[in-house]
Amino acid sequence: MKKLIFFIIALLFATALQAETLYYYVEGKKVFLTEDFSSYSFIRTTLTKTNFVLPQNVKVLKNHKNISIIEIKDASAKENLIKNGALFPAYIKEGVKIHVSGQLFVKIPEKPNAENAKKWCQKNGFTFIKQYKYVPEWYLVSVDGNPIKKAAELVESKVAEAAEPSFFIPLQKRAYKPNDPLFKNQWHLHNDGTNNSVSGSDHARVAEAWEVMQAFKGNLGGQGINLAIIDDGFDLNHEDLKDRFTSGWDFNGDDDDPTYENSDWGEDYSDMHGTCCAGVAAAATDNSKGVSGACPNCTLIPIRMDMMTNSLDSAAIDSFEWAAEHGADIISNSWGPTDNGGAVDMNTTLKNLVANLRTNGRDGKGIIILFAAGNGNESIDANKTKDGFANNENVFAIGATKADGVRTSYSDYGKSLDFMAPSSDFADDDYDHDGYYDTLDGIWTIDNTGKDGYNTGKSSQGDSKGNYTNDFGGTSSACPLAAGITGLLLSANPALTRDEVYQIYVETSDKVGGVSYSNGFNEKYGYGRINACEAVKKALEMAGKDVSNVTCNGEIVNPDPVDPDPTEPTDPTEPTDPTNPTDPTDPTDPTTDPTNPTDPTTEPTNPTDPTTDPTTEPTTEPTNPVDPTDTGDSDTDTSDTDTTDSGTIENENCGNGVVDEGEQCDDGNRIDGDGCSKYCQQEEAKKLKLAGGCTLDLI
């Protein structure tokens, strides 16, 4: 019996000895890997016959081009594979099992062009694959033999400045699902089509973008990014927001406390809009409470303005300056001139300020400024309905689509509309039992705590405590969603300029709505509904990451370890794995200058040539070259007309869009104590319900 035990111990010891420890270099330091024979990489080489098939006793875990990740059942199968290709065991790196791909990232001395790099590869026993566009000092090559050993040999012999193996890491599902209990209701962040309470399966793919950020950056996104929200009051101590804010300012009360002030809830919906917008943009995520925000790690800068009736235009200037002075990377504005209230433009000072922030803000990269397009179903460009805020050439104008990908019934439109983001709509034209229009595809977000918000403590309105609302909407919700997604882009690639962010959205937004787009643009949909996953993927690519195997709406296959950017704030949760100097962009132009191709001083608006391909001119933001005769969808373009349907506020003489002194609602009659018709009360409630009581009439 003792002999048997000794034999077993000796056998186990001998088996353990077969597991070799290898290493390669990252920034001059050895990274150690241990062989793991539970699975293998089988690489088909030039010696592999075209009709070769894997043995029956092999279980395929993953196929990728000429590579199979497999499990081997017996020794005969292993011998067969060795004779017909390259076989390598899995490796354990810091507790994670990875597989080699037979390729290397090599930094070749003197940064040769593609032709000379091919000669270098032939001389040193490699096959040239490509040179990377944004990091041209790095090349992808394939190698016969063990790529880990070869990488170490290249560095130790000083043949290459640096060399790292390309790996397969474990696959991850596309959509990261946080533990916030109400996330399942947030269709705008992730919609798998199983939510029967919404109109379709469209969404902004934000949860997928989180997954990409987690794979490449080790966090859900937004670290180091300051997102300013200019609005009415904020619930700074909300359970799902209290750790999300930095210092703010109240330009209504002229103090450093932008907290909402309404403690007696009323029909005016005052001082609660800002809280909802902040929740959409950056509510605490994965904290086991409430909802999730689009940018989980963005820091919010709360700035309060008076927005209920008439607001001094200098307040907007002060707010923008304060945001810029306090480090805002993004400024979200879910406000603007009163819907259906006539044409209103920015004053010249504010125009100049916005233009300056666009070019010189954020250390010369430009602050990204977003405005809600508006909720009046009117043109933001036409002479009689011009919205000088949303149509300003230096901002992103954000419209709204519902869960079926179709533009909402109220979303403003025009040649200056830029992008769409998900929001709610009205289900019908009838009041429900609570006295409001039924909401279709309502947005779940944070509400002022208790009875001080839209939800007065009814489960039908959100949660029974009144801390969350289930029917926030309008372009007021679409705008902070787009702003939060923008925070993900900037954290994926902090070097992005404002114009590069715009171009990313132009190239990656989904062409929704079932309408035609001319040169990628439609007046009712802009350049389409923002796709957070594709946009983040593009931002990472421009930072030199290898995203060639990342498929949105699929699975992540990140062939290289997480690359913490030394220019970014330190995150203790972010892995410290080797660098990822790759970029899968077109290798056919290896001499391309990797520097920023965009001139931030170039105004990316309306080139006169409508045939310009927006994807071929990164230095100029594509414009809206849409044939004005193309209506795009069934909505009627009323750009320059005053015609209205038979149920509009105008035909019912319900006022001018402002609650004037002495009015109980906006009925256009200034007689003190006059009251309002039931129709006008209903129309006013509908307008406030949609806009969140946040309409701004500048004087």
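These legends accompany close-up views of a predicted model.

Local features are given only at pLDDT of at least 70 and side-chain atom pairs only at pLDDT 80 or more, while totals for chains, interfaces and linings use all residues. Residues are numbered from 1 along each chain as its sequence is written, and side-chain values use heavy atoms, with hydrogens and water left out.

**View 1. The whole chain holds 12 helices and 24 strands.** Both are DSSP runs numbered from the N terminus: helices are H or I with at least four residues, strands E with at least two. Of the 699 residues, 56% are buried (under 20% relative accessible area, with over 50% counted as exposed and partly exposed in between; 1.4 Å probe, protein chains only). Among contacts with a separation of 6 or more, 70% link residues 24 or more positions apart; contact means heavy atoms within 4.5 Å. The chain exposes about 28,900 Å², by the Shrake-Rupley method with a 1.4 Å probe. Carbon and sulfur atoms supply 48% of that area.

**View 2. Helix α9 covers residues 475-492.** Its end C-alpha atoms lie 26 Å apart, which agrees with the 26 Å expected for 18 residues at 1.5 Å a residue. That expected span is 1.5 Å times one less than the number of residues. α9 is largely enclosed by the rest of the structure, because 18 of its 18 residues are buried.

**View 3. The largest nonpolar core has 81 residues.** Such a core is a set of buried Ala, Val, Leu, Ile, Met, Phe, Trp, Tyr and Cys residues joined through side-chain atoms within 4.5 Å. V206 and L489 have the most contacts inside this core. α9 gives the most to it, with 10 residues. Beyond its neighbours within four places in sequence, V206 is in contact with H188, L189, A294, L481, I485, L488 and A532.

**View 4. A second, separate core has 32 residues.** Its members include L33, I108, F126 and A151.

**View 5. Strands β1 (residues 21-26) and β2 (residues 29-43) form a hairpin.** The two run antiparallel, joined by 6 bridges; strands pair if DSSP finds at least two bridges between them. V26 stands opposite K29 in β2. Between the strands are 2 residues, and E27 takes a positive phi near 50°.

**View 6. β2 also pairs with β5 (residues 86-93) and β4 (residues 67-72).** With β5 there are 7 bridges, antiparallel. Here D36 stands opposite A90. With β4 the pairing is antiparallel over 4 bridges. I67 in β4 is the bridge partner of I43.
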